[in-house]
Amino acid sequence: MLFRSSSGFLRYTPPYKVHVAVDHELATFYRSLIPKTVDVNVPMYPPHITVVRKETLPKMEFFGKYEGELVFFDYETDIHHDETYYWLNAYSKRLEDIREELGLPVTSVFTRPPDGRWCFHITIGNLKS
């Protein structure tokens with residue numbers, strides 16, 4: 001398993017969403033490595049790492065605190081998939097710390113990849129009709 005490093009900007013969206021905007025070229029490059037026999041779609045949303053989604057924040061006073069911060073993360077170069085999604089596993093101690101500051105556990109079902117691994121992820125494609 002090979003890891004690479006990248007970065008993106010932290011974005012807060014009311015009421016309670018937090019994500020890291022990821023470079024489009026990163027997702028485009030890895031999507032291009034999926035075999036051409038697979039009819040993979042570009043995701044509806046721009047490439048990102050979900051940090052908070054569909055969760056009540058126990059410490060709302062910290063929401064928005066790091067808007068626009070450049071966040072570094074590592075990701076696996078192996079492309080993972082299930083019957084619907086293609087993604088890259090991503091790791092960031094900084095994102096875990098931000099979740100904890102908001103009163104959340106370091107990961108949740110909304111931030112983990114579809115296979116449930118305890119990390120973040122970047123969706124690069126899907127097979128939705």
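**Questions and answers on a predicted model**

Reader: Glad to be looking at this one with you. In which loop is Lys-54 found, and is the residue buried or exposed?

Author: Lys-54 is found in the loop between E3 and E4. Bear in mind that this is a predicted model. Exposed means over 50% relative accessible area, and Lys-54 has 61% relative accessibility, so this residue counts as exposed.

Reader: What is phi of Lys-54?

Author: Here is a nice detail of the backbone. Most residues other than glycine have a negative phi. Lys-54 is a residue other than glycine with a positive value, and its phi is near 55°.

Reader: Which residues does a cis peptide bond join?

Author: Most peptide bonds are trans. For the cis bond, look to the loop between E1 and E2, where Pro-15 lies. Omega is about 5° in the bond that joins Pro-14 and Pro-15.

Reader: Now to the pocket. Which residues are the closest to the centre of the largest pocket?

Author: The largest pocket has a volume of about 760 Å³. Its lining has 25 residues, and the closest to the centre are Tyr-45, His-48, Thr-50, Arg-53 and Thr-123.

Reader: Which elements give two or more residues to that lining, and how many of its residues are nonpolar?

Author: Strand E2 (17-21), strand E3 (48-52) and strand E7 (120-126) each give two or more residues. By class, the lining has four charged residues, seven polar and 14 nonpolar.

Reader: And the largest nonpolar core: which residues have the most contacts inside it?

Author: This core has 29 residues. Among the elements that give two or more of them are strand E1 (3-13), helix H1 (24-32) and helix H2 (93-101). Leu-10 touches Val-20 and Leu-95, among others. The residues with the most contacts inside the core are Leu-10, Val-20, Ile-49, Phe-73, Leu-95, Ile-122 and Ile-124.

Reader: Is Asn-126 buried or exposed?

Author: Asn-126 is found in strand E7, and the residues it touches include Asp-39, Pro-43 and Tyr-85. Buried means under 20% relative accessible area. With a value of 8%, Asn-126 is therefore buried.

Reader: Which backbone atom does the side chain of Asn-126 reach?

Author: The distance is 3.1 Å. At the other end is the backbone nitrogen of Lys-128.

Reader: One last stop: how far apart in space are Val-109 and Phe-63?

Author: Val-109 lies in the loop between H2 and E7 and is exposed, with a relative accessible area of 61%. Val-109 and Phe-63 are 46 residues apart in sequence. In space, C-alpha to C-alpha, they are 20 Å apart.

Methods:
Residues are numbered from 1 along each chain as its sequence is written. This is a predicted model: local features need pLDDT of at least 70, side-chain atom pairs count only at pLDDT 80 or more; totals for chains, interfaces and linings use all residues. Side-chain values use heavy atoms; hydrogens and water are left out. On a 1 Å grid over the protein atoms alone, a cavity is a set of points where a 1.4 Å probe fits but cannot get out, and a pocket is an open set with protein on both sides within 12 Å along at least five of seven lines; lining residues have an atom within 4 Å of a point. Grid points are joined across faces, edges and corners, and a volume is the space filled by probe spheres set on the points. Helices (H or I, at least four residues) and strands (E, at least two) are DSSP runs, numbered from the N terminus. Ala, Val, Leu, Ile, Met, Phe, Trp, Tyr, Cys and Pro count as nonpolar, Asp, Glu, Lys and Arg as charged, and the others, Gly among them, as polar. A nonpolar core is a set of buried Ala, Val, Leu, Ile, Met, Phe, Trp, Tyr and Cys residues joined through side-chain atoms within 4.5 Å. Buried means under 20% relative accessible area, exposed over 50%, partly exposed in between (1.4 Å probe, protein chains only). Contact means heavy atoms within 4.5 Å. A polar contact is a pair of N or O atoms within 3.5 Å; within protein, one must be able to donate a hydrogen and the other to accept it, and residues adjacent in sequence count only if both atoms are side-chain atoms. Lists of a residue's contacts leave out its neighbours within four places in sequence.
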